[in-house]
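Me: Got a model here I'd like to walk through with you. Can you take a look?

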Amino acid sequence: MADIILALPQQVYVRVSSVVLSYASAVFRTMFGPNFKEGAEPRTSAHPKEISLPDDDPSGMTHLCDLLHGRKTNGDEQTEDGLAEQLWRLAVVADKYDCVAAVSLQTEAMLSRFLLSTGTAKVHSLGATAYLAGAAYHLERNGFFYLFTKRLVLDYYEPFFVVSSQANHEALQAETWLKLAEQRATARTTFLEELPRLGSDKWCHNGCGGGNKSDDFAQKMALKLGRTGHWPPRLSATPLRGILAQVHGVGTVHIAVKCTCGDAYNSLVAGSSVQALARSIYDSAGLCLWCTRAGGSSTGACKHAEDQAFAGPVVAA
Ligand SMILES: [Zn+2]
Ligand SMILES: [Zn+2]
């Protein structure tokens, strides 16, 4: 049955059946078909034909062939970070050889290992999350891609380009990293600029047209969130998600307004308007797979938004 030996880099050899691989993908079907040099030569399991694949990742290809042949794969002893990288290597090869559909049930189960029972994602290293987003990209799973890119924006504060990890270089394309960095920068700016505005955009109660010149809102927010002296938080040293969840639950904030006309009075910032701001920042994080694969830069306004419900509510950690 195993009539082919795939010769991969690092002296890795995988015995496969041309029938099984041809059934899984059109790329293999062409490779083993009659029009191809290798296809025309006779081959049996006693005299398997060796095919050299010097450009393919040995671990990814071995894993793919194991899945296609229903063989048990090793890797159960790995850490979840190790599994994330292994899954990415598998996804790259599956994409290249048009086998994404043939292994979709298995890869779905593997991706799901990285979710919590609530459907949101567990926290892993930045590199592991990048590998998971890259795996979802190659496996064409929009919901997972959106979820993991959203995690890259909301759950890490480290610079995406300074971290000298292999994962950051290979897991996602440079343009994707740029879009994620841009989303995070915009989210931080929106938070730091729009949130204080909720407290300063107060019409003067005597109609003078002036605005609030006190920073009472920031102080009351800090007090309510138990962050006295630490508001606004340093977003270059804190992930956005926790901050957004805190702000989302802050409720109505009563503030003392000091108008530029000299008048002073009491006012409030409704919890619903603070919530709406936190929600809009949360919703702006994450990339659409189809738009990313098409090279588009828009997010949030595309027609693929239904998959984004997968990411859960803003308060879910
Ligand atoms: Zn006034
Ligand atoms: Zn889209």
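Me: Which helix has the lowest mean pLDDT among the elements, and which the highest?
Reply: This is a predicted model, and helix α3 (residues 37-40) comes out lowest with a mean pLDDT of 57, while helix α4 (residues 58-68) is highest with 95. Where pLDDT is low, the coordinates shouldn't be read in detail.

Me: And the mean pLDDT of the protein, what's that?
Reply: The mean is 86, with 86% of residues reaching 70 or more.

Me: OK, switching to the sheet. What's the strand order?
Reply: β2-β1-β3, three strands in an open sheet with mixed pairing. β2 (12-16) and β3 (49-52) each have a single partner strand, so one side of each lacks a neighbour in the sheet. On average, neighbouring strands are turned by 25 degrees against each other, ignoring direction.

Me: How many bridges join β1 to β2?
Reply: Five, and the two strands run antiparallel, with β1 spanning residues 4-8. Isoleucine 4 sits opposite valine 16 of β2.

Me: What does α4 lie across?
Reply: Across β1 and β2, at about 20 degrees to β2.

Me: Now α6. Which residues there are buried?
Reply: Thr107, Met110 and Leu111, in a helix that covers 104-112. Looking down the axis of α6, the buried residues fall within an arc of 100 degrees, so they line one face.

Me: Why would that spacing work?
Reply: An α-helix has 3.6 residues a turn, so residues three or four places apart point the same way.

Me: What's on the face turned away, and what covers the buried residues?
Reply: Leu105, Glu108, Ala109 and Ser112 are exposed on the face turned away. The cover over the buried residues of α6 includes α5 (80-96), α7 (126-138) and α8 (142-154).

Terms used
Residues are numbered from 1 along each chain as its sequence is written. Chains are lettered from A and ligands numbered from 1 in the order in which they are written. This is a predicted model: local features need pLDDT of at least 70, side-chain atom pairs count only at pLDDT 80 or more; totals for chains, interfaces and linings use all residues. A residue is buried if 20 or more other C-beta atoms lie within 10 Å of its own, exposed if 12 or fewer, and partly exposed in between; C-beta atoms are placed from the backbone. Helices (H or I, at least four residues) and strands (E, at least two) are DSSP runs, numbered from the N terminus. The arc is that of the directions from the helix axis to the C-beta atoms. Two residues are in contact if their C-beta atoms, placed from the backbone, lie within 7 Å. pLDDT is the predictor's confidence in each residue, from 0 to 100. Two strands pair if DSSP finds at least two bridges between them. Axes are lines fitted to C-alpha atoms, for helices over the stretch in contact, and angles run from 0 to 180 degrees between N-to-C directions.
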